[in-house]
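Visitor: I am new to this structure and would like to learn how to read it. Please take me through it one feature at a time.

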Amino acid sequence: MRKGSTTESFVAFGDAHGDMCSRSTIDALEKHIAELKPKHRICLGDMFDLRSLRKGVSNQDSEHYDSLVSDLTQGYNMLERLRPTVFLNGNHEFRLYNTAENAASGIVRQYCQEGVDKLEKYLRKMGCKVYPYHYDQGVHRIGSVAFVHGYTANMAAVKQHAEIYADPGGAVVMGHLHRIEAVQAVRHGGAKGYSYGCLADIPKLTYASLRPATMRWENGWVFGIVGKGKKNFKIWQAEKTNGKWILPTNLKEI
C-alpha cells in the first residue's frame with residue numbers, strides 16, 4: 001500500500017494439515033506473501049493434522065508416534081516459512097489441548113501437554129497473537145472484518161458464520177470447510193462471508209474420500225485490505241486459473 005494509506009493489508013490462510021500439506025500451494029503462498037508484504041498474516045488453524053491423537057498415542061506405539069512426529073515437523077516448518085502474526089487454533093490443534101487434559105494415559109497427557117507448551121512458546125517467540133479454538137473467544141477482528149477457523153461445516157456454513165460473526169456492513173473470513181466460497185448474508189446492514197479453501201494435498205485426506213462434498217474442495221487463501229468504518233474492505237480469493245496461480249502482488253489506492 002502507498003504511504004499514507006488509510007487501509008491495512010492482510011493475507012489469511014490455513015488448513016494445511018501438517019505432513020498432508022500441498023507443498024506447491026505452500027510455495028505459491030510464501031511467494032505471494034513475500035511480494036505482497038501484507039501487514040497482517042493470519043493463520044486460521046489446522047496447520048497440524050494430529051490424526052494420531054484421535055485414539056491417543058504414546059512413544060510405545062511406533063507407527064502412530066512416527067506419524068505424529070512427521071506431522072508436527074511439517075507443521076512447524078510451514079509456520080517458520082509463512083511467519084503468521086495471528087494464529088487461531090483450529091479443531092485439529094484442539095486435539096492436542098483436549099488430549100493433554102482428558103487422555104486416560106498419563107504418558108499421553110504429559111506428551112501432549114509438552115506439545116501444547118512447545119507450540120505456545122514457539123508462537124509467542126514469533127510475536128504471534130494466539131486465539132483458542134472457541135466459538136466466542138476464537139475471533140480476530142481487523143476493522144469490520146472478522147476471522148475465525150470455523151465451527152460448522154454444513155452447506156450453509158459460510159452464510160451462518162457471516163450472520164453470527166460479521167458486523168453489519170462487515171465480513172467474515174473462515175477456514176475449516178476446504179472450499180472456496182463467497183456469500184452475501186441476509187442481515188440488516190448487510191454482511192459478506194468468505195471461505196478460502198485449504199493448503200492441504202486434498203487426495204491425501206483419505207478420511208473424506210467417500211464424501212461427495214469433497215469434490216468442492218480446492219486449494220487457496222484470501223487476501224485484501226481493510227479500513228475504518230462499515231463496508232470499507234476488499235477481499236480477494238486466491239485460486240488457480242488453468243492450473244496456475246495468477247495473483248496481484250501490489251495493492252494500491254488510485
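Guide: What follows goes through strands, backbone angles, cysteines and a pocket, in that order. Keep in mind that this is a predicted model.

Visitor: Let us start with a sheet. What is the strand order of the open sheet of five strands?

Guide: A sheet is read by listing its strands in the order in which they lie side by side. Here the order is E5-E6-E7-E9-E8, and the pairing is mixed. Strand E5 (140-142) and strand E8 (180-185) are the edge strands, each pairing on one side only. On average, neighbouring strands of this sheet are turned by 20° against each other, direction ignored.

Visitor: Do E8 and strand E9 run parallel or antiparallel, and how many bridges join them?

Guide: E8 and E9 (residues 191-196) run antiparallel, joined by six bridges. To follow the pairing by eye, pick out partners. Valine 183 has glycine 193 in E9 as its bridge partner, and alanine 182 stands opposite tyrosine 194 in E9.

Visitor: What lies between E8 and E9?

Guide: The two strands form a hairpin, with five residues between them. In the turn, glycine 189 has a positive phi of about 90°.

Visitor: Which other strand is joined to E9, and by how many bridges?

Guide: Strand E7 (residues 170-174) is joined to E9 by five bridges, and these two strands run parallel. One pair to look for is glycine 170 with its bridge partner in E9, alanine 191. E9 is also mostly covered, as five of its six residues are buried.

Visitor: Now for E1. Which strands does E1 pair with, and in which sense?

Guide: E1 pairs with strand E10 (residues 221-226) in the antiparallel sense over five bridges. With E2, E1 pairs in the parallel sense over four bridges. For the first pairing, look at valine 11, which stands opposite phenylalanine 223 in E10. For the second, look at alanine 12, opposite isoleucine 42 in E2.

Visitor: How many residues of E1 are buried?

Guide: Five of the six residues of E1 are buried, so the strand is mostly covered. Its partner residue phenylalanine 223, in strand E10, counts as buried at 2% relative accessibility. The C-alpha atoms of phenylalanine 223 and tyrosine 196 are separated by 9.3 Å, with the two residues 27 apart along the chain.

Visitor: On to backbone angles. Which residue in the loop between strand E1 and helix H1 has a positive phi?

Guide: The way to read this is to look at the angle, then at the residue type, then at the surroundings. Histidine 17 has a positive phi of about 60° although it is not a glycine. The residue sits in the loop between strand E1 (8-13) and helix H1 (23-36). Histidine 17 is buried, with a relative accessible area of 1%.

Visitor: And is lysine 37 buried or exposed?

Guide: Lysine 37 is exposed, with a relative accessible area of 63%. Phi of lysine 37 is near 55°, again a positive value in a residue other than glycine. Its place is in the loop between H1 and strand E2 (40-43).

Visitor: Next, the cysteines. How many disulfides does a search of the whole structure find?

Guide: The search finds zero disulfides. To read such a result, take a cysteine and look for the closest sulfur of another.

Visitor: Why is cysteine 112 without a bond to cysteine 43?

Guide: The closest cysteine sulfur to that of cysteine 112 is in cysteine 43, 19 Å away, which is too far for a bond. Cysteine 112 counts as buried, at 0% relative accessibility. Cysteine 128 is in no disulfide either, and its nearest cysteine sulfur, that of cysteine 43, is 7.6 Å away. Cysteine 128 is buried as well, with a relative accessible area of 9%.

Visitor: Last, the largest pocket. What is its volume, and how many residues line it?

Guide: A pocket is read by its volume and by its lining. The largest pocket has a volume of about 350 Å³ and is lined by 19 residues. Those nearest its centre are Ala153, His176, Leu177, Arg211 and Trp217.

Visitor: How do the residues of the lining divide by kind?

Guide: The lining of the largest pocket has six nonpolar, six polar and seven charged residues.

Key. Residues are numbered from 1 along each chain as its sequence is written. This is a predicted model: local features need pLDDT of at least 70, side-chain atom pairs count only at pLDDT 80 or more; totals for chains, interfaces and linings use all residues. Side-chain values use heavy atoms; hydrogens and water are left out. Two strands pair if DSSP finds at least two bridges between them. Axes are lines fitted to C-alpha atoms, for helices over the stretch in contact, and angles run from 0 to 180 degrees between N-to-C directions. Buried means under 20% relative accessible area, exposed over 50%, partly exposed in between (1.4 Å probe, protein chains only). A disulfide is a pair of cysteine sulfur atoms within 2.5 Å. On a 1 Å grid over the protein atoms alone, a cavity is a set of points where a 1.4 Å probe fits but cannot get out, and a pocket is an open set with protein on both sides within 12 Å along at least five of seven lines; lining residues have an atom within 4 Å of a point. Grid points are joined across faces, edges and corners, and a volume is the space filled by probe spheres set on the points. Ala, Val, Leu, Ile, Met, Phe, Trp, Tyr, Cys and Pro count as nonpolar, Asp, Glu, Lys and Arg as charged, and the others, Gly among them, as polar.
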